[in-house]
Amino acid sequence: MKAISEAAGQELSTMTGRSNLGTLFTGRAEIRSSGMWIESVTTTDANYIRNRTKEGSGWVKAPRSPDNDANYAGYAKLLLATGPSAKKGMETRNGVPTYHLAGHLNLDQVASVDPRTHRSMKSKGVTGFDIDQWIDAQGRTVRFEQRMDMRGTQAANKVDFSEFGPVETFAAPER
């Protein structure tokens, strides 16, 4: 996966990694932004983070969040529930036939499928956001975009998923 966060048309951070979605979320990722490089590993029982920006920084173990995973299937269901206007039709994304969904969701709707995003967005003054989502023939999200107003600043999150495969095991990093 590759996720890009933007504000006011400027890229703030890029996250790349591999994750298990549609099951218990686990994975490994790197987040980079100006002056920052964070690495994380999420296992079945904990989350490990280290700051690669600071030389010699070791892994810090934290409890696993019970709502660590964005529920992309849930977002698709919310979009479909907004009515026929959400169905944009077939499109090809990176050579893959996909079905495009789009619409606006208010933050209260999001709480039911993505509590972590709900809390985060609410704390930033977001009341809702526009979503575009592209789903392949196997029902997997291949691209997901959120656009919102954050206290007067236009912001966006854009996520691309590729290289789908079987569930992977992610072990705790060596300290």
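This dialogue discusses how to read several features of a predicted model.

Reader: How should I decide whether a residue such as Thr141 is buried or exposed?

Author: The general idea is a cut-off: a residue is called buried under 20% relative accessible area and exposed over 50%. Thr141 has a relative accessible area of 10%, so it is buried. This residue is found in strand 10, which covers residues 141-150.

Reader: Which residues does Thr141 contact, leaving aside its neighbours within four places in sequence?

Author: With those neighbours set aside, Thr141 is in contact with Tyr72, Gln133, Trp134, Ile135, Phe161 and Phe164. The side chains of Thr141 and Gln133 are also joined by a polar contact of 2.8 Å.

Reader: Val142 lies in strand 10 as well. Is Val142 buried or exposed?

Author: Val142 counts as buried because its relative accessibility is 8%. Not counting residues up to four places away in sequence, Val142 touches Arg93, Thr98, Trp134, Asp136, Val159, Asp160, Phe161 and Phe164.

Reader: How far apart in space are Val142 and Thr169?

Author: Separation along the chain and separation in space are two readings of one pair. Val142 and Thr169 are 27 residues apart in sequence, and their C-alpha atoms are 21 Å apart. For Gly152 and Val126, 26 residues apart along the chain, the C-alpha atoms are separated by 9.8 Å.

Reader: Where does Gly152 lie?

Author: Gly152 lies in the loop between strand 10 and strand 11, the latter spanning 153-160. Because its relative accessibility is 61%, Gly152 counts as exposed. Arg151 is found in that loop between strand 10 and strand 11 too. With a relative accessible area of 62%, Arg151 is therefore exposed.

Reader: What should I note about the phi of Arg151?

Author: Here one reads the sign of the angle together with the residue type. Arg151 has a positive phi of about 50° although it is not a glycine. Ala8, also not a glycine, has a positive phi of about 50°. Ala8 lies in the loop between strand 1 (2-7) and strand 2, and its relative accessibility of 56% is why Ala8 counts as exposed. A glycine offers a further case: Gly83, which follows helix 1, has a positive phi near 120°.

Reader: Why might one look for a nonpolar core?

Author: In soluble globular proteins, nonpolar side chains tend to be buried together. In this model, the largest nonpolar core has 23 residues, and Tyr75, Leu105, Phe129 and Ile131 have the most contacts inside it. Two or more residues of this core come from each of helix 1, strand 8 (96-106), helix 2 (107-111), strand 9, strand 10 and strand 11. Helix 1 gives the most, with five residues. There is also a second, separate core of five residues, including Val41, Ala46, Tyr48 and Phe170.

Reader: Which residues of helix 1 are buried?

Author: They are Tyr72, Gly74, Tyr75, Ala76, Leu78 and Leu79. The buried residues of helix 1 pack against strand 8, helix 2, helix 3, strand 9, strand 10 and strand 11.

Reader: What does His118 in helix 3 touch?

Author: Helix 3 comprises residues 115-123. Not counting residues up to four places away in sequence, His118 touches Leu107, Asp108, Val110 and Ala111. The relative accessible area of His118 is 14%, so this residue is buried.

Reader: How should I describe the largest pocket?

Author: One may give the volume, the lining and the classes of residue in turn. The largest pocket has a volume of about 1,100 Å³. Its lining has 43 residues, of which Ser5, Met15, Arg116, Thr117 and Asn157 lie nearest the centre. Strand 2 (residues 10-20) gives the most to this lining, with six residues. By class, the lining has 23 nonpolar, 13 polar and seven charged residues.

Reader: How many residues line the second largest pocket?

Author: The second largest pocket is lined by 28 residues, with Ser19, Asn20, Leu21, Phe161 and Phe164 nearest its centre. Strand 2, helix 1 (72-81) and strand 9 (128-136) are the elements that give two or more residues to this lining. The largest share, four residues, comes from strand 2. The lining has 11 nonpolar, 10 polar and seven charged residues, and the volume of the second largest pocket is about 610 Å³.

Notes
Residues numbered from 1 in each chain as written. Predicted model: local features only at pLDDT ≥ 70, side-chain atom pairs only at ≥ 80, totals over all residues. Heavy atoms only, no water. Buried < 20%, exposed > 50% of the residue type's maximum accessible area, 1.4 Å probe, protein only. Polar contact = N/O pair within 3.5 Å; in protein donor to acceptor, adjacent residues only side chain to side chain. Contact = heavy atoms within 4.5 Å. 1 Å grid on protein atoms, 1.4 Å probe; cavity = no way out; pocket = protein on both sides within 12 Å on 5 of 7 lines; lining within 4 Å. Points joined across faces, edges and corners; volume = space filled by probe spheres on them. Nonpolar A, V, L, I, M, F, W, Y, C, P; charged D, E, K, R; others polar. Core = buried A, V, L, I, M, F, W, Y, C linked by side-chain atoms within 4.5 Å.
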